Amino acid sequence: MDTLLSTLNSSQRAAVEYIDGAELVIAGAGSGKTRVLTYKIAYMLSMGLKPWSILALTFTNKAAREMKERIGSLVGPDAAHYLNMGTFHSVFLRILRAESEVIGLKRNFTIFDDADTKSLVNSIVKELKLDDKCYKPSSVLSRIGMAKNNLITPEAYAADGSLLERDHRSKMPKLCDIYRLYVQRCRIANAVDFDDMLMYTYMLFRNHPEVCKKYADRFKYILVDEYQDTNYAQQCILTLLTRNQNNKICVVGDDAQSIYAFRGANIDNILNFQNIYSDAKLFKLEQNYRSTQNIVNAANCLISHNQRQIQKTVYSENPQGDKVKVNVTYSDREEASVVCNEIKRLHRREGVEYGDCAILYRTNAQSRLFEDELRRENIPYRIYGGVSFYQRKEIKDIIAYFRMVANPDDEEALKRIINYPKRGIGATSVDKLIAASRQYNVSLWRVIDNPKAYVEGLSSATAKRIVAFHDMMQVYIDSSTTTDVYILGKRIIEETGLSQEIFADGSVDAKERRDNVEEFISGLHHFVDSKREEDYGDEVYISNFLQEVALVTDADKNNNDENSANRVSLMTIHASKGLEFNTVFIVGVEENIFPSPRACEFPRELEEERRLFYVAITRAEKHCFISCAKSRYQYGNMLFNEPSRFLRELDRNVVDVNGKLTTNRAEYEDNMFSSPYNRSMPTTRDPQRFRKIEPARVKSFTSRNPEYTQSGTRYPQASSSAASASPASAWQASPSAPQRLAVGMTIEHQRFGMGKVVKVEGYGENQKATVDFENAGTKTLLLKFARYNIK
DNA sequence: CAAAATGTGGTTTTT
DNA sequence: CCACATTTTG
C-alpha cells in the first residue's frame, strides 16, 4: 500500500488517506481524479473496511466497470467483486426491486424508456383532448422530469402556485393533470421511468426509516463520482443514507465541468456541499497531468469569466506546448476542409495517429460536413452517438415481447406488439380495448384476457384474435420462470412471427436489421453464459436480462476493439466528458451555436455553456484547435453567425487567432467570391442563393402544382379503363381479380414481380392476400388496390 | 395494407 | 437540410 501511495502527489495522497468523515474533493480537469478514487477504495480495504460496506456511485456503467477493474488489479479481484459499485440508477433499481412491495409495486415491474414515456404522454394528451401543439411530449416530459428530480409529487405540484403560474405562462395549464395521470398510468402498468428510480428510492427511505436503516447499516462508506452532475433527488437520498446515519461520505467532482443542468443536475450540490456537511473536509487537486501549459492556461482564462465556482488554481508542469489556435473560416465547408488538412498534416509531419484526434462539436447535426470531408480524404473516423443498438426498432420490438412476458401489465409494450407482426387487431380495436381499460381502471392485459366482457360491440372474429394473442403470451409467461432467456427468447422471436417479419424481407435495407437481430440473439447467449458463471450456475430468465438491459447504453460499450482503433473520433462535447485526446478540434464555435441561443437569456445557462467549452478545451493533451465559420447552412438556409463571445474571452497570450473575430454579411459576401478556396471548390450549392434568389421556391411551386407535374401521366384509378393506352393499364385493375385469387397461385405484381400467394383473408373491400415474392420478400396486399396478373 | 406525398419542427443526453 | 409523423393515393 505504501508503494501505491508514494506514486501520488501530496494533495492526492491527502485526499486518499482522509477517511474519518465527510469529504469534498474538487478535482480539476486532468488531475488524476479516477486514480484518487481507485486508490482511496484500495486504501480503505487495506485499512480493514469490508468491500460490501463500500458503495461507489458513478455517472455511467462504464465508469463503474472500469473502476472495479482497476481496483481489482490493485487489491485482487475477489475483494473488488464484493464492492457495491454502479450508477445511482442501477444501484437503486436493485434496491427498489428488493423492496418493491413496500412502495406498492409488483416485483416484476418494468422500465419505461424514452419512447414509452413519450407515447404515454401523447396518449394522455389525446385523452384529455388537449392541443398537441402546446403539449409537446418533449416539453411535458421535461416538466415532469424536473418535478420528479426535485421530489415534487403530483399533489405537491398541483398545490404549488409558482409552478402552476409558470405552466400557465407557457400555455400548458393542464400540465399537473397530465403529471397526475402519467404517474397513475405508470403504476397501473407496473412500470417506472428513469426519474422514478430516484424519486421512489427517496420516498422509500423517507417513509420507511427501518428500510433506510437497513441500507445505511450496509453502506458504511459512500463515494460519489462526478458529483457536480447530481440532482436534488440524488442529493436527498445521499443525505438520508449518510448525514442522518453518521455514515461517511466522499464526493468527487469539478464544479467547472458541470454540464448536465438541462437534465436536472444542480451545480449547487457541489457548491454548497459544505453547508450540508458542515464538518466536511475540502481537498483540491490542482495539478493537471494531461495537458500542456498553454492549454491549461487557455481553459483557466475562459472559466475565470464564470462567477459561480469554487476557487482553485489548476496548473500544469508539462511542457508549455503550442498556443491554442483559433481559426476563422469563411464557410462551414471550408472549416471542415481546414480541419481535415490539419489532421493530415499532423499525421504526416508529426506522427500523430488518427486515433489521437477528436473533433468535438456542440450538436450532433454538425458532424455531417466533417464526415463527408473525412470520407473524401480517406481518413478513418468513428462517430459516437446517434441511434444506439437498443433503440433500433427491431430490437425494441423483441424487447417489448420480453417486457410483456416479464410484466404483462406493461401497457406500452403491449401496444407495441399486439398487432406486430400483423395479426388482424387494428387500431380501432386497440383503441376500444384501451378505452375499456381506462373505464374499468384495470390494465390492458386484464381487458384482453376477456375482451368481450369489457368491450361492447367487438366483432367475435376480432375478439377471437385478441384472445389468441393473449393465450400465446400466457404460454410464454408461464414458461418464463422455468426456461432461460436464450431458449425462450429464440422461441418468441421465431413463433410470434418476428423472425418471419425481419428475415423474409430480402431487401438490402433489411440486411442491417437482420444483422442486428442476429447480434441480439448471440448477445442473449453470451448474457446467459456469463451470468451463469458469475452467479454460479443459476438459471437466467427474461426478468434477469431485462433488469440489466434497461440501463445499458452505447456509451457503456468498450470502444477498444480493432474496429474503432486508430480512427478520428467525432462526438459532441457532452459525450467527450471524461475522455482525453492528443489533439482536439473544437468546431463551430459561433454565436447561436455555442453558446446556443436558448442559453443566452439566462446567466446561469450561459455559465453552463462556458463550462462546456471548458470541458472541450481540457480534453486536449498536446494540440487544441478551435474554429468557427462566418457562414453556415442550418435547416437549409444560410446563416451568418458571429464568432462566439467565448473566443473574445480567451487571452491572446495563450491563443493564436487566425482571422478576425468579427463579421458581417457584407464582408462575408466580398470574401466569398474572391476567396481562392471557394472558387476552386466545386460546390453543390448554387451561388445564386447568396443573391437572395430562392430556387427552392420555384421548385416547390412545380412539385405542388398537380396540373403541371402530372398532366397526361396519371389517371384516377376509377377511370382506368379509359386509360388503356397508358403503360399502367397493361396491369390488371384489381376489382375483377380478387375472386379468382387463391392460395398457391403465382402472380406477377406490377412492382414486386413474381410471387406465390400464401394466404387470402377478408372479403370484398377488405380482402387482402399475403404473397411471398421472389425478390421483394413477403408482402400483404390489399387487393382493392394491388396491380397484378395471375400467371 | 403499403408506398408516396406532404407537413412539421428542429440543443446538449445519461440513466 | 433532414428526420419524423401524418395524410393521400393506389
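In the predicted model, the buried residues of helix 6 are Phe88, Ser90, Val91, Phe92, Leu93, Ile95, Leu96 and Arg97. Helix 6 spans residues 88–98 and is mostly covered, with eight of its eleven residues buried. Chain A as a whole holds 791 residues, and 50% of them are buried. Its secondary structure amounts to 36 helices and 24 strands. Among contacts in chain A with a separation of 6 or more, 73% link residues 24 or more positions apart.

The surroundings of DNA strand B come next. A total of 33 residues surround this strand. The closest are His89, Arg263, Arg362, Thr553 and Thr572. By class, the residues of this surface divide into nine nonpolar, twelve polar and twelve charged. Strand 23, residues 777–782, supplies the largest share of the surface, with three residues. On the DNA side, sugar or phosphate accounts for 52% of the strand B atoms within 4 Å of the protein. The rest of these atoms belong to bases.

Individual polar pairs involve both backbone and bases of the DNA. For Arg263, a polar side-chain atom is placed 2.4 Å from a base oxygen of DNA strand B. For Arg362, an N or O atom of the side chain lies 2.4 Å from a base oxygen of DNA strand B. Thr87 has a polar side-chain atom 3.2 Å from a sugar or linking oxygen of DNA strand B.

Helix packing was examined for one pair. Helix 20 (residues 393–406) and helix 26 (residues 485–495) have axes that come within 11 Å. The axes cross at roughly 115 degrees, and the crossing is right-handed. Helix 20 contributes Ile398, Tyr401, Phe402 and Val405 to the contact. Helix 26 contributes Val485, Gly489, Ile492 and Ile493. Seven of the residues in this contact are nonpolar and one is polar, with no charged residues.

Arg632 lies in strand 17, which covers residues 632–634. Arg632 counts as buried because its relative accessibility is 7%. The side chain of Arg632 makes a polar contact of 2.6 Å with the side chain of Glu590. Beyond neighbours within four places in sequence, Arg632 is in contact with Asp332, Glu335, Gly588, Glu590, Ile593, Asn637, Met638, Leu639 and Asn641. Glu590 therefore appears in this contact list as well as in the side-chain pair, where a polar contact is a pair of N or O atoms within 3.5 Å.

Lys220 sits in the loop between helix 13 (209–218) and strand 6 (221–224). With a relative accessible area of 38%, Lys220 is partly exposed. Not counting residues up to four places away in sequence, Lys220 touches Ser53, Asn247 and Lys248. Lys220 and Arg751 are separated by 531 residues in sequence. Their C-alpha atoms are 69 Å apart in space.

Backbone geometry was considered next. Two residues other than glycine have a positive phi: Lys171 and Glu226. For Lys171, phi is near 60 degrees. Lys171 belongs to the loop between helix 10 (161–169) and helix 11 (175–188). Its relative accessibility is 58%, so Lys171 counts as exposed. For Glu226, phi is about 50 degrees. Glu226 is placed in the loop between strand 6 and helix 14 (232–241). Its relative accessibility is 12%, so Glu226 counts as buried.

Cis peptide bonds precede two prolines, Pro421 and Pro595. The bond joining Tyr420 and Pro421 has an omega of about -5 degrees. Pro421 is part of the loop between helix 21 (411–417) and helix 22 (427–439). The bond from Phe594 to Pro595 has an omega near 5 degrees. Pro595 is located in the loop between strand 15 (581–586) and helix 31 (603–617).

Definitions and conventions: Residues numbered from 1 in each chain as written. Chains lettered and ligands numbered in written order. Predicted model: local features only at pLDDT ≥ 70, side-chain atom pairs only at ≥ 80, totals over all residues. Heavy atoms only, no water. Near = heavy atom within 4 Å. Polar contact = N/O pair within 3.5 Å; in protein donor to acceptor, adjacent residues only side chain to side chain. Helix = DSSP H or I, 4+ residues; strand = E, 2+ residues; numbered from the N terminus. Nonpolar A, V, L, I, M, F, W, Y, C, P; charged D, E, K, R; others polar. Buried < 20%, exposed > 50% of the residue type's maximum accessible area, 1.4 Å probe, protein only. Axes fitted to C-alpha atoms, helices over the stretch in contact; angles between N-to-C directions. Left-handed = near helix turned anticlockwise from the far one by under 90°. Contact = heavy atoms within 4.5 Å.
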